[in-house]
Amino acid sequence: MKRRSGLLVMAIERLISPLRVVKKVPVLAGVCATDPFRRMDFFLKQVESIGFHGVQNFPTVGLFDGNFRQNLEETGMGYSLEVAMIAEAHKMGLLTTPYAFNPDEAVQMAEAGADIIVAHMGLTTSGSIGAKTALSTDESVVLVQAIADAAHRINPDLIVLCHGGPISGPKEAEFVLKRTNGVHGFYGASSLERLPVEQAITATVQQYKSITLT
């Protein structure tokens, strides 16, 4: 019990740290809904009590496929737990911005009361640690549209955003947004927190290396 209490304190400390920096902008918590040792109703109350305004299903089993994903689903650690977490958070009045990886998942999240559906195209490409295997931008247009259409059949007022895969920068986001209907914007992660930093550091180091000594 002491070990679990200590781990819980560490988890809460990690959650609180962003709130110590950000004062005036709503902050969302990434919640691993498939943790079998977590009382989700209790945990979400803690998330709300320390100042978070909403949640997202991240880490998510949606990034897994094949036999491993099937095994997770069969052993009760699948995507349905993420849907249940979003439903619980919605009942509490928290902002919910879940990832959906296909139309069926978009329907589940819409029915759970999600405020914003994020059409996830897989791990973001580009940069030093970006994914090498991904959909093309044209394929992403088709899938993003299918997810948006599925979500809007349940709730026409849902906000739908695109994210991930080849949508790794402003040009790619513009490409997708101009070719889809009912998609309201782009949801940034690696494309905002990692890629710009990598590019800035690389450019700055190159400038230092270009200095010549006489």
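What covers the buried residues of H4? Among the elements that do so are helix H2 (40-49), strand S2 (54-56), helix H3 (66-74), strand S3 (95-96), S4 and H5.

## About the model

This is a predicted model, in which local features need pLDDT of at least 70 and side-chain atom pairs count only at pLDDT 80 or more, while totals for chains, interfaces and linings use all residues. Residues are numbered from 1 along each chain as its sequence is written, and side-chain values use heavy atoms, leaving out hydrogens and water.

Helices (H or I, at least four residues) and strands (E, at least two) are DSSP runs, numbered from the N terminus.

## Helix H4

H4 covers residues 79-92. Its 14 residues should span 20 Å at 1.5 Å a residue (times one less than the number of residues), and its end C-alpha atoms are indeed 20 Å apart. Tyr79, Glu82, Val83, Met85, Ile86, Ala87 and Ala89 are its buried residues (under 20% relative accessible area with a 1.4 Å probe, protein chains only; exposed is over 50% and partly exposed in between). After H4 comes Gly93, with a positive phi near 90 degrees.

## Helix H6

Next, meet H6 (137-154). This helix has 18 residues and reaches 26 Å from first C-alpha to last, close to the 26 Å expected. Its buried residues include Val141, Val144, Ile147 and Ala148. The buried residues of H6 pack against S4 (99-100), H5 (103-111), S5, S6 (159-163) and H7 (170-177), where contact means heavy atoms within 4.5 Å.

## An exposed leucine

Leu123 sits in the loop between strand S5 (116-120) and H6. Leu123 is exposed, at 53% relative accessible area.
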